[in-house]
Structures are given as structure tokens and as C-alpha cells.
Amino acid sequence: MTTPELEETPQLIAQSGPLNGQRWNLDRSVVIGRESGCEVMIPNRMVSRFHARITPTGAGIVLEDLGSKNGTHLNGELVTSQVVLQDGDIIQVALAQQFTFLYSDATMPLADVKDPGLSTLRLDVRSRSVWVNNQELVPPLSALQFHVLKVLYENQGKVVSRQQLVNDAWGEEQAIGVSDQALDALLRRLRDRIALVDPRHEYLVTVRGHGIRFENPIRSG
């Protein structure tokens, strides 16, 4: 059984690469690279032997590039100095492997996502999986799609303004460059993915002039 301490441990989750689905607790320094001795070993020639490092500090969880040849990107920006990670950040190592940083699972319910007595759509942030009508979305949502859905899920029944949704999903610094068209395109893809499993219900409702409301019906037994 997972202990409360482990639930609070920040995690690095691999996706879109050879390590897809693997995860590492960030309770100590972790080196990412091609070398077999690295805590996170990526078997790809584009990755430097010692490519990047993630270190817990008093100021937070810090990411730094270790002088890699093909670079480390954080939310699309090249990492040139040490940077403190924020919940939901996307880390790209060369063009070989993408990771998501999750600071804590405490913001999401830990109930069984497949329980038929619960809401029709359920999220499990630990595995970054989404279930609709007891059916898992496969392939999984992209990291950004999942983060947008997570923001709406945590505010279900409430209208979330477009600006708040962008700020919470992208982070305030990255949000400046996010256009209405980019948000609309992402929401459209999200609706399409959910509709493949449940086309009968509109989960993401546009409230014109106000924002987006997430509606999540309760499954009947």
C-alpha cells in the first residue's frame, strides 16, 4: 500500500520516447543520460552520456543541463541555467525522450478510477491515465492535453475562464504566448479524444463570454 510520504514525493514520468510509462521519485539527485550508470538511462545516440540532472534543493526541484550536445528543453525553452521545476512542466531531452514533472499527487483523488459507481470520466494523475465509461483512453493524452483536462476536472461544475485555464495549464510565464486559436485547437482535440469513447455527452462545455465548464455525469451502477 502506498504510504502518504510517497504520495507527496515529486516524480518524473517518461512519455513519448523509449522510456514511456516509467517513473522516478525525485527524493534525491537524478542524472539523465546515455551512460549505463545514470539513474535515468536513455538508449539513444542523440542523448549525451551525462545529459541533465534534477536535484531536490531547499528552493525546490532544480533542473540543469550538463553541457549536452543536443540540449534540454523545458516547456519548449532551451535550458541554459538552473531552473526550478513547476508542477506539470514538460522536459524534453534532445529529440529522444519527453518527461512530465509532477510535484504531488495530493491534488487528485486516489480512488479507483474504474469504480462504476463514480463519475463517468475519471483521472489518475499518478499514471496520467483517463478513463471514460470504464474504458481507458489509449493512446494516452499528451502531457498538455492531460494538464488542461486536469485543471477543468479539479474545477468540475464551475466555469473556468479561458485566461485562468491557460495560466494554470501552461504556467503564467508560458501563457503569454498562447493564442485563443491554440487553446481552441487543444480543446477540440481533447473533445475528439473523449468522444471516441463517449460521443453522447459533452464534457467540455463552452460558456460564451465566460469560459469552459467541465460536466461529469455520475455513472449508474
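**Entry 1: helix α2**

I began with the length of α2, where 12 residues at 1.5 Å a residue should span 16 Å, and I found the end C-alpha atoms 16 Å apart, which agrees. I note at the outset that I am reading a predicted model. Next I looked up the burial of this helix: 10 of the 12 residues of α2 are buried, so the helix is largely enclosed by the rest of the structure. I listed the buried residues of α2 as A143, Q145, F146, H147, V148, L149, K150, V151, L152 and Y153, and I noticed that polar names such as Q145, H147 and K150 stand in that list.

**Entry 2: the whole chain**

I then stepped back to the overall figures. I counted 5 helices and 17 strands in the protein, and of its 221 residues 46% count as buried. Among contacts between residues at least 6 apart in sequence, I found that 44% join residues at least 24 apart. The exposed surface comes to about 11400 Å², of which carbon and sulfur atoms supply 49%.

**Entry 3: the nonpolar cores**

Which residues touch the most other members of the largest nonpolar core? I found 32 residues in this core, and those with the most contacts to other members are L121, V130, V148, L149, L152, L165 and L204. The elements that give two or more residues to the core are β12 (121–124), β13 (129–132), α2, α3, α5 and β17, and α2 gives the most, with 6 residues. I kept in mind that in soluble globular proteins nonpolar side chains tend to be buried together.

I followed L121 further and, not counting residues up to four places away in sequence, found that L121 touches V130, W131, V132, L149, Y153, I194, Y203, F214 and N216. I also recorded a second, separate core of 22 residues, which includes V30, I32, I91 and A96.

**Entry 4: helix α3**

In α3, which runs over residues 162–170, I found L165, V166, A169 and W170 to be the buried residues. Seen down the axis of α3, these residues fall within an arc of 95°, so they line one face of the helix. I asked what this face meets, and the buried residues of α3 pack against α2 (143–154), β15 (159–160), α4 (172–175), α5 (180–195) and β17 (211–214). After α3 comes G171, and I read its phi as positive, near 90°.

**Entry 5: Q11**

I turned to Q11, which lies in strand β1 (residues 11–15). Is Q11 buried or exposed? At 11% relative accessibility, Q11 counts as buried, because the cut-off for burial is under 20%. Leaving aside neighbours within four places in sequence, I found Q11 in contact with R23, W24, N25, L26, T100, F101 and L102. With R23 the contact includes a polar one between the two side chains, at 2.6 Å. With F101 I checked the separation: Q11 and F101 are 90 residues apart in sequence, yet 5.9 Å apart in space, C-alpha to C-alpha.

**Entry 6: Q92**

My last residue was Q92, placed in strand β10 (residues 90–93). Which backbone oxygens does the side chain of Q92 reach? I found that the side chain of Q92 reaches the backbone oxygen of A94 at 3.4 Å and the backbone oxygen of Q97 at 3.3 Å. Leaving aside neighbours within four places in sequence, I listed the contacts of Q92 as G71, T72, H73, Q97 and Q98, so I closed the entry with Q97 noted as a contact of Q92 under the 4.5 Å limit for heavy atoms.

Key
Residues are numbered from 1 along each chain as its sequence is written. This is a predicted model: local features need pLDDT of at least 70, side-chain atom pairs count only at pLDDT 80 or more; totals for chains, interfaces and linings use all residues. Side-chain values use heavy atoms; hydrogens and water are left out. Buried means under 20% relative accessible area, exposed over 50%, partly exposed in between (1.4 Å probe, protein chains only). Helices (H or I, at least four residues) and strands (E, at least two) are DSSP runs, numbered from the N terminus. The arc is that of the directions from the helix axis to the C-beta atoms. A nonpolar core is a set of buried Ala, Val, Leu, Ile, Met, Phe, Trp, Tyr and Cys residues joined through side-chain atoms within 4.5 Å. A polar contact is a pair of N or O atoms within 3.5 Å; within protein, one must be able to donate a hydrogen and the other to accept it, and residues adjacent in sequence count only if both atoms are side-chain atoms. The expected span of a helix is 1.5 Å times one less than its number of residues. Accessible areas come from the Shrake-Rupley method with a 1.4 Å probe; for residues, only the protein chains shown count as cover.
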